[in-house]
Amino acid sequence: MKNEQPTLSVILSTYNAEDWLEKALWGYQNQSFKDFEIVIADDGSSAKTKMLLQRMQLEVFFPIIHIWQPDEGFQKTRILNKAIAACRADYIVMSDGDCIPRKDFLEVHYTHRQQGYFLSGGYFKLPKRISEEIDKEHILKGKCFKKLWLEKRGLASSIKTLKLQKNKEIAHFLNSVTTSKASWNGHNASGWKSDIFSVNGFDERMQYGGEDRELGERLFNLGIKSKQIRFSAVCVHLHHQRSYKTKESIEKNKAIRKNTKKQKVVWTPYGIAKETATKSA
């Protein structure tokens with residue numbers, strides 16, 4: 001099966017976070033939906049990440065494709081475009097290497113996929129201490145997605161834990177009433193590869209701050225609609241610092257997004273197909 005075209009390609013972004021990436025990969029080893037590949041979008045990690053992936057490939061059932069680029073600061077959009085081009089499936093799920101998916105995560109994305117739409121999921125943030133405590137057994141047994149297990153380890157009780165419930169009817173209701181917009185979220189979203197290519201992927205001028213949302217806004221301009229699955233496709237987000245978040249990148253990205261909305265931009269000349277894009281710009 002590893003040499004055949006998979007039904008889903010899953011892109012995970014990472015940068016020098018081997019411990020978190022390993023936990024995420026164990027989450028995919030535990031998926032109920034099995035016909036997928038993992039494409040690692042590696043924005044310049046050291047050799048430790050390559051060594052981890054070589055070891056994990058011997059321990060998991062799914063193929064791992066490692067797409068790497070030299071470290072030139074936060075260039076996530078650039079490596080994501082390379083990863084998109086490397087995907088073999090017609091349908092792409094995007095998440096991060098610090099997000100552990102619940103057992104039904106890919107099944108939800110697969111079941112809800114629909115022509116003319118992309119899917120918008122969310123995440124449940126975990127504090128640092130619990131993030132560090134989670135191990136392979138906790139992931140494979142699904143403990144780290146259980147409200148009681150998390151609260152016993154110090155998680156504060158909150159209405160946000162509704163994101164962790166497993167009742168499909170309740171999840172459907174919460175998806176329908178949430179005030180959160182069904183945007184393209186880099187940690188949990190999916191769409192057709194052909195649609196992503198139709199807008200030329202991510203705008204590589206953008207660093208941290210809404211770069212994923214901007215892709216979704218161009219998909220909207222293309223005529224693609226979105227569906228909310230934030231309470232159905234569950235993943236837990238492991239704690240980490242964001243040293244790459246700067247005022248300059250936020251302001252630059254806001255300006256690009258403002259222009260995308262105002263001009264109803266569909267195709268970015270700074271995306272996957274750069275030479276073709278430049279000629280047609």
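## Buried or not: the yardstick

Buried here means under 20% relative accessible area, exposed means over 50%, and partly exposed is whatever sits in between. Keep that in mind while looking around this structure, which is a predicted model. E204 has a relative accessible area of 15%, so it goes down as buried.

## E204 and its partner

So what does E204 pair with? It makes a salt bridge with K274, and the closest N and O atoms are 3.0 Å apart. This pair ties together distant parts of the chain: E204 is in the loop between helix 9 (193-198) and helix 10 (211-222), K274 is in helix 12 (residues 274-280), and 70 residues separate them. K274 has 37% relative accessibility, so it counts as partly exposed, while E204 is buried at 15%.

## Helix 10 to helix 11

There's another link between distant parts of the chain, this time from helix to helix. The side chains of E217 and K261 meet in a salt bridge, at 3.7 Å from N to O. E217 belongs to helix 10 and K261 to helix 11 (residues 247-263), with the two positions 44 residues apart in the pair. E217 counts as buried because its relative accessibility is 11%. K261 comes out at 47%, so it's partly exposed.

## Other salt bridges

The count of salt bridges comes to 15. One of the pairs is R102 with D104, whose side chains meet at 2.9 Å, N to O. R102 has just 5% relative accessibility, so this arginine counts as buried.

Salt bridges can also join up: E22, R55 and E59 are linked in a network of them.

## Helix 4 and its buried side

Which residues of helix 4 are buried? In this helix (residues 105-112), they are F105, L106, V108 and H109. They cover an arc of only 155° around the axis, which means they're on the same side of helix 4.

## A positive patch

Over on the surface, K34, K103, K146 and K166 form a positive patch. Of these, K146 is worth a look: you'll find it in the loop between helix 6 (136-140) and helix 7 (147-152). A patch residue needs over 30% relative accessible area and no salt bridge. At 47% relative accessible area, K146 is partly exposed, so it clears the area cut-off.

How values were computed:
Residues numbered from 1 in each chain as written. Predicted model: local features only at pLDDT ≥ 70, side-chain atom pairs only at ≥ 80, totals over all residues. Heavy atoms only, no water. Patch = residues over 30% accessible without salt bridge, like charges linked within 9 Å, V, L, I, M, F, W, Y side chains within 5 Å. Areas by Shrake-Rupley, 256 points an atom, 1.4 Å probe, with all protein chains shown as cover. Salt bridge = Lys/Arg side-chain N within 4 Å of Asp/Glu carboxyl O. Lys, Arg positive; Asp, Glu negative; His and termini not counted. Charge placed at Lys NZ, Arg CZ, Asp CG, Glu CD. Helix = DSSP H or I, 4+ residues; strand = E, 2+ residues; numbered from the N terminus. Buried < 20%, exposed > 50% of the residue type's maximum accessible area, 1.4 Å probe, protein only. Arc of directions from axis to C-beta.
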